[in-house]
Amino acid sequence: MATIKLDIFRFDEATDTIPHRDVVAVDLPETTTVLDALEYAKSEIDGSISFRRSCRSAICGSCSMNIAGTTGLACKTACNTVMDEDGVVKVDPMPNFQPMKDLVVHMDPFWDKYSRLKPYLQPADRDEEHPTERRVSPEDMKKLVDVANCVMCATCYALCPVVSVDPAFAGPAAIAYAYRFIEDVRDDHRKERIAQISEDYLWLCAHCYACSYCPKHVDPNDRIIDVKRAAISDRVMMDERGPRHALVVSRTIKHSGMLEETEVIQGTVGRFNVRGLLKVAPLGMRMAMRGKLPPLFMKPIPKVDEVRQIFETLEVPVS
Amino acid sequence: MSSTTLLPEEAPLPSHARTKSSQTKRYGFFPGCVAKESCKELFNSTMLLADKLGIELIELTAASCCGASVLNDVNRDVARVLNARTYAQAEALGLDDVITICSTCTGHMRAANKELVESEERMTQANAILGKFGARYNGSVTVRHLLWLLIDDIGLDRLSSMVVRPLNGLKVAPFYGCHIIRPESVNGWESARQPHSLEDLITAIGGQPVDYAGKTRCCGFHVQLEKDGIAPAMVGQNMRMAKDNGAEAVITPCPLCHLALDGYQADSAARWGRTDLPTFHLPQLVALALGVPAEKLGLNKHIIDPRDAMVARELIS
């Protein structure tokens with residue numbers, strides 16, 4: 001047995017203007033899950049503590065919250081793994097959401113982004129090849145199974161640094177779920193789906209892998225890369241900066257073996273996009289003043305032909 | 001001895017001439033693109049530090065870019081095969097270690113290596129292409145960051161004993177950069193959620209580590225061009241936390257983070273208030289503590305001048 005001190009964020013949007021914290025001590029085995037400790041505190045000590053929960057076994061996705069500074073499912077987190085030396089377990093509502101009551105948040109922005117995907121299969125009408133149902137092979141299904149495990153707990157969304165500065169970004173879960181339909185052979189709206197998620201800032205993913213903490217191992221980070229590749233191979237919204245950036249990086253590495261910083265900036269923003277270039281100019285000026293501008297032209301690395309051969313063999317797209 | 005020539009004004013003093021004894025540990029060295037382009041001060045301070053440590057960094061001069069986390073967006077195989085080519089070069093030189101000085105290089109080169117070593121199919125694919133120009137990778141290389149080398153191979157105690165100019169309690173906020181810790185399945189050298197290697201290092205060289213929630217968050221470098229304002233906002237958010245917790249300077253093992261943190265604090269001031277935290281490349285601060293003269297470390301190349309913070313702690317006059 002151990003004394004677990006739950007340090008809980010308390011707030012009620014109906015009555016409070018600022019949040020406060022309550023520390024509730026419970027005597028339980030230290031391997032108790034954070035959710036069970038909260039349940040115990042609620043039933044035995046303070047019935048007003050509010051949090052979402054249902055299945056208690058990482059299937060429903062309700063109990064995601066910020067635990068000891070990082071977000072995860074309370075039902076899947078043992079107290080002894082997050083306790084500090086004084087036995088304190090700090091619990092807060094998920095970041096990137098408006099708090100509603102204690103650990104309960106307004107989930108609307110998350111659901112809105114999800115419903116924009118039209119998250120249901122949209123197959124073509126029956127045709128001669130498909131007189132009855134559209135079938136999917138086990139191999140094709142394999143690609144979708146991991147994403148289908150998503151329980152929409154919003155852990156990835158809460159951890160996403162891009163969401164925290166730009167709420168227009170679709171977020172990891174929605175992009176991973178877009179992948180689930182984009183790569184489903186039964187669906188007939190692939191291009192529309194890629195265009196939709198591109199409009200919702202697919203290319204704003206910062207490659208930070210914060211969503212690799214997914215409690216269900218959906219790995220949205222890898223699915224985001226898959227959707228970007230789909231956008232490039234299907235040539236959807238190629239005038240956006242994201243695909244231009246990827247393709248100019250590819251071109252410079254094929255050319256010199258190196259990522260040519262100067263060329264990448266021009267190729268992404270647009271060589272003749274004066275307004276765009278002016279916006280990146282202040283940083284350029286600051287760097288120039290310190291004599292740290294990247295070279296205008298890069299000398300290719302030794303044996304760059306080998307690099308070019310790799311690109312050509314793999315038919316890598318470049319701009 | 002490295003095959004790369006240092007800039008004349010930053011070349012090591014004669015008294016620092018590299019040890020050439022057979023005891024000298026030799027490492028393959030992959031500096032990455034940015035250390036050769038806009039952050040040359042990182043490259044130079046790395047070589048000066050290696051010199052002080054008595055290790056030999058052998059630059060893989062024919063290596064290509066690691067893919068920079070962007071090449072995966074255009075093709076699923078190309079970054080892996082490019083990195084296999086780099087590893088083949090290291091193997092041909094008899095080098096097992098490839099040392100990086102960039103978080104993004106570390107993460108992506110380790111990911112490529114893991115895919116190659118764990119999948120015969122992928123290794124065969126890579127070697128089929130490498131074979132066209134007579135190269136072959138056998139899977140013997142380990143990719144490690146210089147930070148890991150300092151802690152595992154040199155050791156904090158030994159490093160501490162080598163300090164001649166301790167940081168006098170300079171309050172340094174560690175900024176890890178994503179790809180040296182995440183995903184944990186690829187890096188796994190320390191906990192991605194609660195890393196402490198930079199803190200340990202700061203302590204070993206006489207500084208005071210500053211804890212703050214932003215230390216494992218993203219600097220926004222990889223989306224700086226995708227939409228205006230995103231990277232400065234991410235920088236501002238993180239630097240605000242560091243500053244509020246008392247930081248006087250930042251240390252990062254990643255030149256991409258360095259470019260964002262050093263470059264965008266001016267832009268984030270409107271929203272997050274002025275932070276103006278000078279940011280050091282990892283080897284700069286360690287080399288400084290080990291006695292490399294400050295003027296050799298390229299500190300004049302930083303947009304936010306670190307010298308005021310250093311004068312305040314009597315590290316330079």
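In the predicted model, the second largest pocket lies between domain 1 (2-105) and domain 2 (108-233) of chain A, because both domains give residues to its lining. The space in this pocket amounts to about 1,100 Å³, and its lining is made up of 39 residues, among which Asn66(A), Gly69(A), Thr70(A), Ala213(B) and Arg217(B) lie nearest the centre. Two or more lining residues each come from strand S4 (70-73), helix H4 (155-159) and helix H5 (161-165) of chain A, and from helix H8 (230-244) of chain B. When the lining of the second largest pocket is sorted by class, 20 residues are nonpolar, 12 are polar and seven are charged.

The cysteines were examined next. A disulfide is a covalent bond that joins the sulfur atoms of two cysteines, and the count over all chains comes to zero disulfides. For Cys75(A), the closest cysteine sulfur is that of Cys63(A), at 3.7 Å, which is too far for a bond, given that a disulfide requires the two sulfur atoms to be within 2.5 Å. For Cys153(A), the closest cysteine sulfur belongs to Cys214(A) and lies 6.3 Å away, again too far for a bond.

Both of these residues were also assessed for accessibility. Cys75(A) has a relative accessibility of 11% and therefore counts as buried, the cut-off for this class being under 20% relative accessible area. Cys153(A), with a relative accessible area of 8%, is likewise buried.

Technical notes: Residues are numbered from 1 along each chain as its sequence is written. Chains are lettered from A and ligands numbered from 1 in the order in which they are written. This is a predicted model: local features need pLDDT of at least 70, side-chain atom pairs count only at pLDDT 80 or more; totals for chains, interfaces and linings use all residues. Side-chain values use heavy atoms; hydrogens and water are left out. On a 1 Å grid over the protein atoms alone, a cavity is a set of points where a 1.4 Å probe fits but cannot get out, and a pocket is an open set with protein on both sides within 12 Å along at least five of seven lines; lining residues have an atom within 4 Å of a point. Grid points are joined across faces, edges and corners, and a volume is the space filled by probe spheres set on the points. Helices (H or I, at least four residues) and strands (E, at least two) are DSSP runs, numbered from the N terminus. Ala, Val, Leu, Ile, Met, Phe, Trp, Tyr, Cys and Pro count as nonpolar, Asp, Glu, Lys and Arg as charged, and the others, Gly among them, as polar. Domain bounds come from an automatic or database domain assignment. Buried means under 20% relative accessible area, exposed over 50%, partly exposed in between (1.4 Å probe, protein chains only).
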